[in-house]
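Q: Could you take a close look at one part of this model, and then set that part against the rest of the chain? Please give the cut-offs behind each term as it comes up.

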Amino acid sequence: MIVYFDNAATTALEEEVVQAMLPYLTEHYGNPSTLYSLGRTTRAAIEEARKTMAKLINAQPGEITFTSSATEANNTVLKGAVLYAGVERIITSPTEHHCVGHTVEFCRDYLHTEVEYVRVDKNGNADLEHLSQLLAASDKKTLVSLMHANNEIGTMLDIEQAGNICRQYGALFHSDTVQTFAHFPIDVQQLPVDFIVGSAHKFHGPKGIGFLYMRKQSKVASFIHGGGQERGMRAGTENVAGIVGMATAAKKAYDHLEADKAHILSVKNYFKESLLSTLEDIDFNGNTDDRSLYTVLNVSFPPSDKSALLLFLLDLAGICCSGGSACGSGAAAGSHVIQALGKDPDRVSIRFSFSKYNTREEVDIVMEKLKETFASRKE
């Protein structure tokens, strides 16, 4: 039996989504840029999906651009802001996902952009007072990029407060919402954000498709050149089946948002309580209150020979979890997020992340393996 507790890395594809995609993998194969009926059919499907995505966040359809991934969307914002929107300075944090962090470094090293980092506390919370100080210190046109929820530790940003600070100083505000879109309500008419991004495979949609929301007044230009697809914002023939699948998955997620959240949170809390009541010297990385992403629990295990092999031992038992971001799984270095928090490097951190399909029975299976591994019970 496989226990899948790595839903922050990717999620299982919904059967309803598969069925919605199938016609666009078979009979509806026309190129959306053509003018004959096969092309008009696929173009209509794309535009209907765009309307769906826009409605979910209270945006206008023209503010949604479909991309191959959230990584591409983040690259579009960061590089596009520097290349085409006059941004001379980027403020970000040391705990961003690599698709933001490495892109910011590219802007610094190759586009000569000034880069500043907001301080974070031991739980990964961005110091918003420090953000204000950084913004007040320069008149250069600035883009602030802070993720809504950290993908490794689950710590959430007060996105409204951060956005209001950016507005106060005339800075553009970009937030990587990959882990929160379709998990929390997002209303871009209420939130002071200029750019947000999402990725379908984080909410039971297909891989290889994402989106960028860009407020009309905050235009950047594409860094992928070719045809005029996506209103000139993203050259390349559209992934029609992926776009349809993403819109279907997003609509279903929003239709069941509160019920799914309640179920997932109950599984997470049960796991947390089981860990604390069963094993010695357990700690957690990131916030553990309501400022935490309800799908993620990052557990800090005490140093030992067994804990060093913990991911391997869990894998042998059919338990899927992560030592950090799946995108960095091939790297020899430890998690840059955990390092930024100043945690004890001898402790082992494991990310467990949950979906609506997980159960308490699966938690019990994981706990049995952990008890066996550590051979330690609280009396």
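**A loop and its setting**

A: Cysteine 99 counts as buried because its relative accessibility is 9%, where buried stands for a relative accessible area under 20%, exposed for over 50%, and partly exposed for the range in between, with a 1.4 Å probe and protein chains only. The model is a predicted one, in which local features need pLDDT of at least 70 and side-chain atom pairs count only at pLDDT 80 or more, while totals for chains, interfaces and linings use all residues. Residues are numbered from 1 along each chain as its sequence is written, and side-chain values use heavy atoms, with hydrogens and water left out.

The structure holds zero disulfides, a disulfide being a pair of cysteine sulfur atoms within 2.5 Å. Cysteine 166 accordingly takes part in none, and the nearest cysteine sulfur to it, that of cysteine 107, is 17 Å away. Cysteine 166 is buried, since its relative accessibility is 0%.

The part chosen for the close look is the loop between strand E8 (210–214) and helix H7 (240–255), in which glutamate 230 is placed. These labels follow DSSP runs numbered from the N terminus, with helices being H or I runs of at least four residues and strands being E runs of at least two. Arginine 231 is found in this loop between E8 and H7, and histidine 225 also has its place there.

The backbone of glutamate 230 has a phi near 55°, a positive value in a residue other than glycine. Arginine 231 likewise is not a glycine, yet has a positive phi of about 55°. How do these residues stand with respect to the surface, buried or partly exposed? Glutamate 230 is buried because its relative accessible area is 4%, whereas arginine 231, at 41%, is partly exposed.

Histidine 225 counts as exposed, because its relative accessibility reaches 63%. Not counting residues up to four places away in sequence, histidine 225 touches Tyr84 and Ala235; contact here means heavy atoms within 4.5 Å. Histidine 225 and glutamate 63, which are 162 residues apart along the chain, have their C-alpha atoms separated by 19 Å.

Another histidine, histidine 204, lies in the loop between strand E7 (195–199) and E8. At 8% relative accessibility, histidine 204 counts as buried. Its contacts, with residues up to four places away in sequence left out, include Thr11, Ala12, Leu13, Glu14 and Val17, together with Ala249, Ser355, Lys356 and Tyr357. Histidine 204 is also 9.3 Å from asparagine 7, C-alpha to C-alpha, although their positions lie 197 residues apart in sequence.

Two further sites, in a strand and in a helix, can be set beside the loop. Aspartate 283 belongs to strand E9 (residues 283–285) and is partly exposed, given its relative accessibility of 38%. Neighbours within four places in sequence aside, aspartate 283 is in contact with Asn298, Val299, Ser300 and Arg347. Its C-alpha atom is separated by 8.3 Å from that of proline 302, 19 residues apart along the chain. Leucine 313 sits in helix H10 (residues 310–316) and is partly exposed, with a relative accessible area of 22%. With the same sequence neighbours set aside, leucine 313 contacts Lys306, Lys369 and Thr373.

Turning to the whole protein, the secondary structure comes to twelve helices and twelve strands. The radius of gyration is 21 Å, close to the 21 Å that the globule rule gives for 379 residues, so the protein is as compact as a globular protein of that length; the radius is taken over C-alpha atoms, and the rule is 2.2 Å times the number of residues to the power 0.38. The C-alpha trace spans about 70 × 55 × 35 Å along its principal axes. Of the 379 residues, 56% are buried. Among contacts with a separation of 6 or more, 75% come from residues 24 or more positions apart.
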